[in-house]
Each structure stands twice: as C-alpha cells, then as structure tokens.
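User: I have a model open and want to learn how to read it. Can you take me through it feature by feature?

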Amino acid sequence: MEPTADDVDAIRELINIGVGRAAGMLNDITGCAISLKVPSIQIVEFAHLSERNGRENDPVLSTVSLNFRGPMSGLAALVFPPESAAHLVMLMTEETEESGEMDAIRIETLKEVGNIIINAVMGSIANVLSQHLNYSLPTYQELGITALAGSIHARVDDRLVIANAHFRIEDTPIDGNILLILELGSMDALLASIHGMDH
C-alpha cells in the first residue's frame with residue numbers, strides 16, 4: 001500500500017501530537033521553555049535511502065533509538081548532528097564543553113530526551129492502532145542513518161519515516177530528525193488504522 005499525500009499529512013499530524021506532549025513533559029522536567037514541531041516528513045524505502053546515501057555519504061549522527069514490537073515492528077530514533085546534540089545538552093543542563101563529565105552527561109541527557117520524545121510519538125501512533133506496542137530500552141550510538149537501519153537488518157522494501165524536528169530551547173533553534181523504520185507490513189497496518197479513523 002503506497003501512502004498518499006493525505007496519509008503523509010496524517011502521519012505528520014500523529015507525530016506532531018506526540019512531540020507536543022513530549023515538549024510539555026520536557027518543559028516540566030527541565031524548567032526550560034521548549035517547543036518542538038515537525039513541519040515536514042518524508043517516507044522512503046530503505047533501498048532508496050541506501051542507494052542515495054551509500055557507505056560514503058552516511059554522516060555520523062548522535063542517535064538515541066529503541067526497538068518496538070506488536071502490530072507494528074521496527075525501530076524509532078531521535079537523531080542529531082553531533083554539534084547540535086552537544087548544544088541541546090548544554091542548553092538543557094547548563095553544562096559547558098569544559099565539564100569533565102560532559103560526555104557522560106551528554107549521553108544520559110540525550111537518552112532521557114530521546115526516550116521521552118520517542119515514547120510520546122509511538123504512544124500517539126499506538127493510540128491510532130488501538131493496540132499495545134512493546135519497547136526495548138533506549139540505546140545511544142554514533143552512526144549514520146543507513147548504518148542504523150542496517151543494524152536491525154532492514155529489508156530493501158522496509159519503509160523509513162524521516163520527520164524533521166525543529167526544537168526551540170529558550171529561543172535557540174536546534175534541528176534534528178525523528179526516524180521510524182517500519183518493518184514489512186507495518187506501514188500497511190498503520191495506513192489501515194488511519195483509513196479506519198476516516199470512516
């Protein structure tokens with residue numbers, strides 16, 4: 001089942017509902033003024049991504065990911081260029097690059113932020129499915145998107161939803177991506193549930 005333009009809009013709206021909830025939680029936890037929006041998403045097949053990126057053009061990113069299983073299966077991740085990830089952590093923790101513990105603080109902060117955002121987004125999607133999804137614990141890695149998809153042995157026809165995430169923390173903009181890698185049949189399950197909402 002190929003997603004239509006309306007389907008893409010519906011998926012973007014589900015992700016925005018999730019990130020809106022996540023921003024509220026992050027505001028409460030950090031005391032920072034945080035807004036988070038997803039203005040656009042792309043849906044591509046893994047084959048097209050790996051053709052386009054290849055091994056040479058797969059820039060290393062700071063990624064927080066977790067696997068999910070249920071009526072939909074795959075991997076969800078929050079990914080940033082490393083300098084954006086470091087900037088995000090400094091704004092949220094008021095640590096500086098000179099802090100000896102910066103690496104450990106950065107990883108733990110990113111895992112916590114990633115866990116909140118990914119769970120809120122997947123919770124929004126699970127509500128549409130009206131079914132429960134099981135999640136692994138979040139892991140932090142530094143690798144490219146193609147390598148990340150390869151880590152769960154993504155097939156050529158698995159779908160990737162790449163959502164551009166625009167953060168604003170205390171008036172400072174930071175850009176990243178929310179990535180959903182949907183294994184075979186998972187996109188169909190999601191689209192069927194979205195179409196069911198329309199009737």
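**Reading the fold, step by step**

Analyst: Start with one residue and place it. This is a predicted model. S73 sits in the loop that links β2 (61-69) to β3 (74-80).

User: Is S73 buried or exposed?

Analyst: Look at the relative accessible area. Under 20% counts as buried. S73 has 14%, so it is buried.

User: Which residues does S73 touch, beyond its sequence neighbours?

Analyst: Leave out residues up to four places away in sequence. S73 then touches F68, I181, L182, E183 and S186.

User: Now step back. How many helices and strands are there?

Analyst: The protein has six helices and seven strands. Read from the N terminus, the order is α-β-α-β-β-α-α-β-β-α-β-β-α.

User: What does the radius of gyration say about the overall form?

Analyst: Compare it with what a globule of that length should give. For 199 residues, a compact globule would come out near 16 Å. The protein has 16 Å, so the two agree. Along the principal axes, the C-alpha atoms fill a box of roughly 50 × 40 × 30 Å.

User: What share of the residues is buried, and what covers the surface?

Analyst: Of the 199 residues, 49% count as buried. The accessible surface is about 9400 Å². Carbon and sulfur atoms account for 51% of that surface.

User: How do I see whether contacts link distant parts of the chain?

Analyst: Take contacts between residues at least 6 apart in sequence. In this protein, 74% of them join residues at least 24 apart.

User: And the charges?

Analyst: Count each sign, then compare the mean positions. There are 11 positive and 28 negative charges. Their mean positions lie 4 Å apart.

User: How do I check a helix?

Analyst: Compare its end-to-end distance with the expected span. Helix α1 covers residues 5-30, which is 26 residues. From first C-alpha to last it reaches 36 Å, close to the 38 Å expected at 1.5 Å a residue. Now try α3, residues 82-93. Its twelve residues should span 16 Å at 1.5 Å a residue, and the end C-alpha atoms are 16 Å apart, so the helix agrees with the rule.

User: Which residues of these two helices are buried?

Analyst: In α1 they are D7, I11, L14, I15, N16, G18, V19, A22, A23 and L26. In α3 they are S84, A85, A86, L88, V89 and M92.

User: D6 is missing from the α1 list. Is D6 buried or exposed?

Analyst: D6 is also in helix α1. Exposed means over 50% relative accessible area. D6 has 60%, so it is exposed. Its C-alpha lies 24 Å from that of G176, which is 170 residues away along the chain.

User: What happens to the backbone just after each of these helices?

Analyst: Check the sign of phi. G31 follows α1 with a positive phi, near 75°. E94 comes just after α3 and takes a positive phi of about 60°.

User: Where else is phi positive in a residue other than glycine?

Analyst: E170 is one case, with phi near 50°. D171 is another, with a positive phi of about 70°. E170 lies in the loop between β6 (159-169) and β7 (172-182). D171 is in the loop between β6 and β7 too.

User: How accessible are E170 and D171?

Analyst: Apply the cut-offs again. E170 is at 43%, so it counts as partly exposed. D171 has 65%, so it is exposed.

User: Last, helix α4. What can two of its residues show me?

Analyst: Take I125 and G114. I125 lies in helix α4 (residues 102-129). Its relative accessible area is 1%, so I125 is buried. Setting aside neighbours within four places, I125 is in contact with L14, M72, L180 and L190. The C-alpha atoms of I125 and L88 are 26 Å apart, with the two positions 37 residues apart along the chain.

User: And G114?

Analyst: G114 also lies in helix α4. At 0% relative accessibility, G114 counts as buried. Residues up to four places away aside, G114 touches V64 and L78. G114 and A22 are 92 residues apart in sequence, and their C-alpha atoms are 9.6 Å apart in space.

Notes. Residues are numbered from 1 along each chain as its sequence is written. This is a predicted model: local features need pLDDT of at least 70, side-chain atom pairs count only at pLDDT 80 or more; totals for chains, interfaces and linings use all residues. Side-chain values use heavy atoms; hydrogens and water are left out. Helices (H or I, at least four residues) and strands (E, at least two) are DSSP runs, numbered from the N terminus. The expected span of a helix is 1.5 Å times one less than its number of residues. Buried means under 20% relative accessible area, exposed over 50%, partly exposed in between (1.4 Å probe, protein chains only). The radius of gyration is taken over C-alpha atoms; the globule rule is 2.2 Å times the number of residues to the power 0.38. Contact means heavy atoms within 4.5 Å. Accessible areas come from the Shrake-Rupley method with a 1.4 Å probe; for residues, only the protein chains shown count as cover. Lys and Arg count as positive and Asp and Glu as negative; His and the chain ends are not counted. The place of a charge is taken as NZ of Lys, CZ of Arg, CG of Asp or CD of Glu.
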